[in-house]
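Subject: Handover of a structure

Dear colleague,

Please find below the structure that I am handing over to you. My notes on it follow directly after.

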Amino acid sequence: MSFADGTGLHCQGVVGADGLWSRTRALISDDQPICSESVAYRGTLPARQADADDELIWIGPGKHLVQYPMLQYLAQGACQAIEDAECLARHLAGQNGDFGEAFAGYQAERIGRTAQVQTVARAWGEVWHADDLIVPALRDRVFARRAADDHTDLDWLYQEGL
Ligand SMILES: Cc1cc2nc3c(=O)[nH]c(=O)nc-3n(C[C@H](O)[C@H](O)[C@H](O)COP(=O)(O)OP(=O)(O)OC[C@H]3O[C@@H](n4cnc5c(N)ncnc54)[C@H](O)[C@@H]3O)c2cc1C
């Protein structure tokens with residue numbers, strides 16, 4: 001590995017955890033992030049202003065544009081990164097320095113779950129943003145009948161033992 005300050009390091013493995021515009025990923029893939037064209041504008045304001053009658057939205061100098069590496073509809077980007085880190089650390093610790101085995105074990109353990117999270121997040125997004133007449137009507141009807149403590153649809157995501 002060569003670093004911008006001119007130093008370098010010899011190592012058996014490199015973990016590219018440098019985010020959406022990862023430079024380490026670019027070493028092994030020429031793919032590019034795909035914009036979902038769904039953007040959430042978020043901000044904070046003093047609590048005493050929360051009851052203001054008028055809604056003010058500032059978009060301009062100093063604006064903050066955020067992007068999710070996986071679609072945001074299950075709020076799982078950071079959660080999956082944390083699970084990844086735990087899994088990778090466990091496999092590295094268990095392989096006595098054999099990075100190839102550790103990476104293979106990590107991939108085998110994680111690929112199914114992360115793919116499921118990405119796939120289901122995409123499906124939820126399609127339900128939230130459906131612009132036909134039928135899907136929003138059915139969605140609202142289902143949600144209106146759902147008890148507040150009914151987590152059936154997401155039990156698979158938060159089940160114990162992961
Ligand atoms: C507004 C917002 C709300 C979110 N809400 C949720 C939520 O509720 N639940 C959830 O699970 N996820 C949420 N996410 C998503 C989550 O934040 C990301 O998916 C997660 O942070 C990705 O983690 P990461 O480690 O892959 O990358 P990052 O968190 O982006 O970390 C990458 C790091 O690498 C560093 N870096 C980049 N390039 C270089 C370089 N060349 N040299 C050195 N360092 C470099 C960066 O400075 C950064 O510190 C949200 C994201 C946003 C923006």
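I begin with helix α2, which covers residues 99-128; at 1.5 Å a residue its 30 residues should span 44 Å, and its end C-alpha atoms lie 41 Å apart, so the two values agree. Please note that this is a predicted model. Helix α2 has a kink of about 40°, and Arg110 is at the centre of that kink. Three residues of α2 are buried, namely Ala102, Val117 and Ala121. The partner against which the buried residues of α2 pack is α1, residues 77-94.

The overall plan

The protein chain contains four helices and zero strands. Read from the N terminus, the order of elements is α-α-α-α. The chain has 162 residues, of which 4% count as buried. Taking the contacts between residues at least 6 apart in sequence, 50% of them join residues at least 24 apart.

The pairing of α1 and α2

Helix α1 has 18 residues and reaches 26 Å from its first C-alpha to its last, close to the 26 Å expected at 1.5 Å a residue. The axes of α1 and α2 come within 8 Å of each other, with a crossing angle of roughly 160°. An angle over 145 degrees counts as roughly antiparallel, and α1 and α2 are therefore roughly antiparallel to each other. Their crossing is right-handed.

The residues that meet across this pair can be named. From α1 come Gln80, Asp84, Cys87, Leu88, His91 and Leu92, and from α2 come Ala102, Gly105, Tyr106, Glu109, Arg110, Thr114 and Val117. Two members of this list appeared above as buried residues of α2, Ala102 and Val117, while Arg110 marks the centre of the kink.

The segment before α1

Three residues in this part of the chain deserve a mention. Ala17 lies in the segment before α1. Ala17 has 11 other C-beta atoms within 10 Å, and is exposed for that reason, since the limit for an exposed residue is 12 or fewer. The C-alpha atom of Ala17 is separated by 8.8 Å from that of Ala81, although the two residues are 64 apart along the chain.

The other two are of interest for their backbone angles. Most residues other than glycine have a negative phi. Glu37, however, has a positive phi near 65°. Glu37 also belongs to the segment before α1, and it counts as exposed because it has 6 C-beta neighbours inside 10 Å. Ala75 likewise has a positive phi, near 50°. Ala75 is in the segment before α1 too, and its 9 C-beta neighbours inside 10 Å mean that it counts as exposed. A further positive phi, of about 50°, is found at Asn96, just after α1.

Helix α3

Helix α3 comprises residues 134-145; these 12 residues should span 16 Å at 1.5 Å a residue, and the end C-alpha atoms are 17 Å apart, so the span agrees. Is α3 covered or hardly covered? It is hardly covered, as zero of its 12 residues are buried.

With kind regards

How values were computed:
Residues numbered from 1 in each chain as written. Predicted model: local features only at pLDDT ≥ 70, side-chain atom pairs only at ≥ 80, totals over all residues. Expected span 1.5 Å × (residues − 1). Bend = angle between axes of the 7 residues up to and from the residue. Buried ≥ 20, exposed ≤ 12 C-beta atoms within 10 Å, placed from the backbone. Contact = placed C-beta atoms within 7 Å. Axes fitted to C-alpha atoms, helices over the stretch in contact; angles between N-to-C directions. Parallel < 35°, antiparallel > 145°, perpendicular 65-115°, else oblique. Left-handed = near helix turned anticlockwise from the far one by under 90°.
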